[in-house]
Amino acid sequence: MKIPYFPGCTMKTTAKNFEMSAIASAKKIGIEFVEIPRWNCCGVVSSLTSDDLMKHLAPVRNFLRVQEMNKAEAVSENRLLTLCSMCYNTLSLTNNRMKENADELQKINDFMHREDENYAGSVDVVHFLSILDEWGFDKLKIENPLKNLKVASYYGCMLLRPKEVGIDDPEAPQIMEKLVTAMGAESVEWDAKSRCCGSYHTVKNIDLVKKLVSGIINDARENGAEAIITSCPLCAFNLDVRQKEMAVKNSDFQTMPIFYFTQLLGIALGLEKSDLGLEFNAINPNEILKKYEKIKGAK
Amino acid sequence: MAKKIKFTDKTTKFLEKIMDLSGEQVTLCEQCGTCSGGCPFVEEMDINPSQIMRLVMLGQEEVMESQTMWLCASCYTCTIRCPRKLDLSKVSEALRQVKLREAVDNIDIAEIDAAEAVKLPTIALVGNFRKFTG
Amino acid sequence: MEKKMVTVYLSGELFKVPEGSTIIMALEYAGFQLKRGVGCREGYCGACATVYREKGDYKLKGGLGCQTVVTEGMAITQIPFVPAEKPLYELETLTPDVGTFTNLFPSVFRCVACNTCTKACPQDIQVMDYIQSIIRGDLESAANISFDCIRCGLCAMRCPAEIVQYDNGILARRLYGKYLAKKSPELDNRVEEVKNGKYDADIEKLNKMDRDELSKVYYDREIKIT
Amino acid sequence: MYPEYMMESIKKVAETRAKRLEIARKYGKKVFPAMSEQERADILNTYHPDYKDDALKEVRIGPNKGDKMINEVADIIEAYPRNSSSTFDLSKIDYETDVLVIGAGSAGLSAVLEASKKGVETMLVTKLRLGDANSMMAQGGIQAADQTDDNPYLHYLDVVGGGHFDNKKDLVEALVMDAPQSIKWLEELGVMFDKNEDGSMMVKPGGGTCRNRMHSTRDYTGAGICRVLRDEVQSHPDGINILEYTSATELIKDDKGQVAGAILYHMELKEYFIVKAKTVIIATGGFGRLHIRDFETTNHYGATADGLVMGYRAGANLLYMDSVQYHPTGAVFPEQIVGFLCTEKIRALGAQPVNKDGELFVFPLEPRDIEASAFIRECEDDKGVSTPTGLKGIWLDTPLIEELSGEGTIESVLPAMLRQYSRFDIDIREYPMLVFPTLHYQNGGLEINAKSETSIPGLYVAGEAAGGIHGRNRLMGNSQLDIIVFGRRAGKNAAEKVLNGVELGELSIKHADEYAKEVEKLGIDKKRISPILLPDYIPNHVKAKQLTTIYQGTLY
Amino acid sequence: METKKTGIYLCQCGGNISNTVDLPKVTEHLKKNNDDILVQEYSHMCSGKGQQLIIDDVKKHGLKKIVVASCSPHFHEKTFRGALKKAGLNPYVLEIANLREHCSWIHKDIPEIATEKAKDIVDASHSKAELDFALQEKKMQLGNEILVIGGGIAGIQTSLDLADSGKKVTLVEKLPTLGGMMAVLTKTFPTEDCAACIISPKMAAVTDHPNITLYTNAEILDIAGHRLHFEAKVKIHPRYIKSDIDMDQCLICNKCTEVCPVSQPNYWEQGVIDRKAIYIPAPHAIPYRYILDTENCSHFIDNSCSKCVDICPQQAIDFTQEEKIVDVAVDSVVVATGYDIFDAMRKPVFGYGKFKNVVTALEMERIVDHISEAEPPRKIGKRIAFVQCVGSRDEQIGNEYCSRVCCMYSVKLASLLKQAKPEKDIYIFYTDLRAFGKGYEEYYKRAQNMGIKFVRGKPSHFVENKINKKVTVTVEDTLSRNIIESDFDLVVLANGLEPNKASEIVADTLKLAKSDDGFFKEAHPKYKPVDTLVEGVFLAGVAQGPKDIPDTVTQASAAAARVIATLAQKEVPIDPILAFVHQDICDGCQKCLNACPPKAISINADGKAEVNEALCLGCGSCLESCPVEALDLHYYTNEQLYAEVSAALKFKKDNEKRIIVFADDNTTYRLIDACGVRKMKYTNYARVFRVPSVSRITPSLIEYAFAKGADAVFLGDSPVKASRFEWANAVTRKNMEVVAEKLKKLNIETDRLIFSQFEAKDLMKFISEINKLAELIDKLGSLSDEQKAKLER
């Protein structure tokens, strides 16, 4: 399967490890990500006012690129794959709005008269987790099962809500838990799996984020988790980097390593450590991996 | 102490502006409080989300001075639970936009401390500026 | 034969100027002695940024006064200076990555990818593309795309997110030039050689020659150019 | 597009192209025998404008009394100063600084950077916007002997050979020796030089060079360098005080004969300022806008040789003001871009000058004065193509480049040229350019030594305003080099002089008053005032009615 | 006086017709082309004098058929039928020519053309009148048989009222015991008297009542019929206990239950208490007999046990019992199917089914019922939270309505709990506490008075503490705007009421409409609250919408009263316009049998098809199935329609164009009338004919119309969801395809044949479509003679 891939800006900067591990795992499974050319930043958060069309330009421009790739038969899929939950959410919300409001789409197409075609509303946005689910978690060739590693799946907000774009039942999601079990690890049932991590408040209201993050980490620990997986670079930043800052401040705070789900998937698929960018994780993931000698050459 | 409220064209116009901008029929809110209960940021808020809906319905422009709309990070928890299927994230976006469209940013982007800035992921900056600058 | 005249509106005022003149020529023909809004008169310095609308066309176009030929009924306004506060920085202290831009140009993250800047650029630069490259930390492509920028300021005037594209561009190019571009080893060791006086003797020899000797050596020198 | 009657000539050019292409493939750059010394002398004497008998006239006042100079230069020399002691009370100082730099091209910018680096107070004054200068418009490149098969010795030879051996040797030495470190300095400031895959410098040949040593930043080399310097200057506002839209009209001296500052004039507000400065650096650039012999020019709007006049009146010596560099390839069609520079790099990439019958008639890469003279010869022998506005020009066969160096070369290496002509819907990849020599460079200038000093203590000159570096003819790429080399040297030396201590006496512009008396003796009309600050393009029928306007271009 | 066969009366309608249509010209035209007719013109035919005119003429001239050219039949058809009766004629030998709505009012500005069109309309009615024949309005005898579906309090009450009034009732209940949901309750609000005490006597009365036949553990398979004549099929599931047949077999000695190894949560006790595979559901179950749960009985699973059989002294257990199908013919049906409780699993946020201490209100009913026993079935801890509006007033799961009873049953449970265990700390989280009934407000106040705390706020987040299993509830108290986040030992979800899934079969077969909230739709909320749109079918209880027990019982009695009132007429006229079979033509090919969804066609003794007039709805969609046109429709026979169409096209001139419009009487015909009333203008090409449903228009009739010169044929009917015959449109479309096939062969443009659906308000839609069709045929021109000839058989 060759599928158009929308990385999103953060994949190229602080979330390189997410992209590396995702591309490597996908290749191992047999899915090739084809990065769409000249993509632009999706806008991270969707513009929710009824009258603001301009903020929907960016996603539509990306869909045009997918449309062009399909015309040039560079890919075998008409769906746009995203890794980051926020990109997924914003692109999907705009896509739905465009599909429902032909007049607004027409206005946007007219505005982008320098593009050589109009967006026909034919592209769908899909998250890597849904693709894996579609592919069949059981079909994953697990070479290095993460036996008795207790993993809490953290969804955050953007993967599940609002309902129109959620990839699973917002109140009782199971897709990441299924992946965790498929990887041979023990999935942990906990409450804070879709509680907000503070999102972009991390720019100017760091204490608020730290408060929320400590709540989430404690809830995970209370339910016996040893590691948390997520699929959003912003949640990862808040849970990982802000947690480390908290741990530095008060030493008795017991840290918990944060992974991108593709990193654990990479380990389970037996990928090399170099493919996974573990060195970029703020809280050192190696103790937990060493504890279960999971990672080849995890010194 | 209770505040005396007088209903004028101004209060109705304010309500209509917010309803128009958000696309949500604020008068539908039955004040059940589910939104406030589920909101992860409610403890920091001076006015609860349900109270915001109330005051907007009463056309009280004092909501514009509250911190609630700035704390709301559009996590959509209230959106999926509101029994009247009202989308509070859209109402708080409308309130933010009224402020931002008066060219009043809620963050001074130049004041971000340099050491922090280098560390922050792009996703945080773009997200923050989209919601806090006009 | 009498030159055909066309009507133009310079800053709103009606003037008749010879057909085929550029905007700068039109202004001067009208009697304005330009101090601002003119520089190299050859399309290189960006001083003569102009916005104009042509008859019967709703589009607001931007261009260089010295390169744009006036048309019948064209309405013209010069934009001699685009208000923008250039951040102050010591290039040596900066690192060639997106963090620098977060510090110096936080507004770049407000880009909504509407491509209005590209429409405004008289140098046909894909302005939005290099701003997007900066957002994702790809300074090399930002430097290359923005290369032909002559800092006329029209993009910044039209940007709904109030980004000052050209200031971002020059910093991206300087960071690329200083840090990311591969260095030429020949240059470094030639600078060393000159410092160590490797060529002092030869040069001294030439200093001592008179006109004829010099001329002889000059015409005998071997020309090796590819 | 080209009018109908030019199309037949274009067809001929196309017909001969195949043959010429074949020669170029076989012989590389030597598609036509270079002129011998004798042939050069003959062609200069018969066709080069400088050598026309009515081109020069004798100057009757000042340090160069008796020398022959270009008429237009002589006119601004023999003109009344704008200011006199009677109208100026020099005790009321507006600004005080250590190093006053006049002119903000790459020379002025480099000078002010080097000076402020030494920690002295600097002030930069420019007539128009910061960075609006000839430096910004250079396209071709900057020479520096940094390649292994090249060295300063060969560079030295090319410079003096090009300048007909009139160059001041100490200046040439400084030029060629400082060249490599100048490139290094610029790269450190962030200039994006064109490079090959492996990072080595992409170097091209130039007119009169024996090796490839032309560094470039695509065809925006001047801009590539000047905008980086401008950005560096604007990033240090504390050390450097900048005044834009302000000209200098007269140098101030003190009773000990040192230079002590200048009188400034704000172009729009028409306000005069007195600046007291321990040292002054003149970096005012060339004189293209004097329109010598009514030639069109490649120079920017403010190139009116103000520095020469002020320096001369203050007692500095002028060199080689009898020679003007005409760039052989100035656009001559369409009418809107007459005089615009078409970089020598076009010929370096293989384009060939051909006459109206499509015949190649000269070695494309002769030194500029030779090449220009050859073009003028073809036009005077009726081999040129006349334009609708009565000018004459010869074809520069640019489509040849696409054939020689491969499709897309023009687009990638000459984007500015392509864009320039496409604005008037001429695609230079398919059609040749029509060119004719255009007034380009002031070979001479105020005499300086290796430390950029003039004979007047405290007065330095850098850039095109300086004289002696290039003798009577400058090679391509050496000007971009000299403005960096002598700009930095002027800045460093001026700062050092200040640090070593400068005691200024009582300020005066007596020298201007005396000069005015001398001019009056010559019976010069009162209206002739210099420096002229700006050229005069207002049509006469309008100017006749502008009775109250104070007009800058007072020289008529 | 000379006798005439047909009287044609042209009504001036006080100028409404005569001002446009030149009636004398029409009279002259009629006289010229027919001899055996009497033509009269009068100002107001519908007036008493107008009617008297007809009556006198019938006597004087012995008229056999009457044509009245006046306003729409929907205005005065009944009036003139009355006149005919008075004149001694059969009311169905009357034809109304609609000159006002279909001609004069819409063509006010073109009188000459209007007059020509009027001639065609009257000719058509006249040609149809010639072929009218007398139709007897049969009467249908009404019996006393009533079927009551659902054995809850509603069904019980209705059955008792009906039985007491002497009606024969068949009560069908799907569960093994009567009592429905009410029986499960402990006490009832507001009086707190025990549910069982109220319902048990009534349940007992049902079993004892001679007029009530009770089928428990039974389900409705199918109900055919309509209008006060229904035939239902009931399947009775076996109890595997012989006592079914003769009472005395099982002596309820309970030995089998003791010995039975299997134990399962008792559905009746809401799973709070278990029961064996063989069990009596409830202590006060009626009929108080055992039933065997075959899904969990090991004998049925793997034939590994038969302990109960061995132990039973009476040998009353019989594994071989089969289910039985019973046919019940009744005159009226009362639907009392009750409701399902909202399944809280559909809202995972509450954690029902995941958290140990989250229960539904019904479970709480059983818990409170057993609360004061020695060791109650489960511990409930000290602090209890009631959560209101679970599954109601919640658009996230699509239930916008309020279930009306949850507030009060929570108050009841809370107050019972508080009375039994005063130390309990009880909170009720509500959005609006609805205590609207009689004595409800006082009951609410009594609860508050007991110290039960009412907090206004809807809980939005539930987390179970893994160790102590307490449930942390997060809720905003909207009155003090504080966020409450505290632990509760027990969370009771006040689930709302949802439409009963099991009643789907009843809805489909009886074709009962549903209102937006999914409950059955009453004919009219105010003046026909217990009737339904289907004549003879009534509603009782929550089947019609959420309501408490007092309202349910009230409605049950109301339904009984309505049944009694309806059946009191003894007989009811049957509309004679129904299908019939020409016995002489029918060759018994049986192709028509499955062409009638209500299954009104059957084969009679001599092998010919026959229509059961009790079941036939008179739609006519069966006609196309008969290859020899033996199947016909009274008052709209094939012959009559052929005659009408050819009469309307007879005087068509070459340059003129004609559109033959067939309109269904119920919607499209009334819509065209409305266009007339509003004086809206449209093409004069149209000639409108009314039929019960355009599915009656057979392909041959359409081809005949084209053959006779129609340039286009326009069929208009009501959309499926609003139609009385939901299968009709499909039949019409099939007919259209048949015709289109033929037209294509003769390369006649198929766009000349249009079928469109209209709702009552679609006036503009009709006008634009008919005008567009007119423009089309202007462009296309008429059919060639050769084409017309090929079409005519």
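Let me begin with a definition: a crossing of two helices is called right-handed if the near helix is turned clockwise from the far one by less than a right angle, and left-handed if it is turned anticlockwise. I will use that in a moment, and I should say at once that what we are looking at is a predicted model.

The pair I have in mind sits in chain D, where helix α4(D), residues 106–117, and helix α15(D), residues 478–499, have axes that come within 7 Å and cross at roughly 35°. By the definition I have just given, the crossing of α4(D) and α15(D) is right-handed. On the α4(D) side the contact includes S106(D), A107(D), G108(D) and A111(D), and on the α15(D) side it includes I483(D), F486(D), G487(D) and A490(D). Sorted by class, the residues of this contact are 11 nonpolar, five polar and three charged.

Which residues touch the most other members of the largest nonpolar core? They are I281(D) and A462(D), in a core that counts 379 residues. If we leave aside residues up to four places away in sequence, A462(D) touches A107(D) and A111(D), and also I483(D), F486(D), G487(D) and A490(D), with I281(D), A283(D) and S452(D) completing the list. A107(D) and A111(D) belong to α4(D), while I483(D), F486(D), G487(D) and A490(D) belong to α15(D), so that A462(D) touches residues of both helices of the crossing. Apart from this core lies another, of 131 residues, among them A361(E), Y430(E), V542(E) and A556(E).

Turning to the contact between chains D and C, chain D contributes 72 residues and chain C contributes 62 residues. Several helices of chain D, including α5 (134–137), α6 (152–162) and α8 (221–234), each supply at least two residues of the side that touches chain C, but α7(D) gives the most, with 10 residues. That side of chain D has 34 nonpolar, 18 polar and 20 charged residues.

Chain C itself is divided into domain 1 (5–78), domain 2 (91–180) and domain 3 (186–220), and the C-alpha centres of its domains 2 and 3 are separated by 43 Å.

Chain B, finally, has domain 1 (9–102) and domain 2 (106–134), with C-alpha centres that lie 24 Å apart. Their contact takes five residues from domain 1 of chain B and four residues from domain 2 of chain B. Within the domain 1 side, helix α6 (residues 88–100) of chain B provides the largest share, three residues, and by class that side divides into two nonpolar, no polar and three charged residues.

How values were computed
Residues numbered from 1 in each chain as written. Chains lettered and ligands numbered in written order. Predicted model: local features only at pLDDT ≥ 70, side-chain atom pairs only at ≥ 80, totals over all residues. Contact = placed C-beta atoms within 7 Å. Helix = DSSP H or I, 4+ residues; strand = E, 2+ residues; numbered from the N terminus. Nonpolar A, V, L, I, M, F, W, Y, C, P; charged D, E, K, R; others polar. Domains from an automatic or database assignment. Axes fitted to C-alpha atoms, helices over the stretch in contact; angles between N-to-C directions. Core = buried A, V, L, I, M, F, W, Y, C linked by C-beta atoms within 7 Å. Buried ≥ 20, exposed ≤ 12 C-beta atoms within 10 Å, placed from the backbone.
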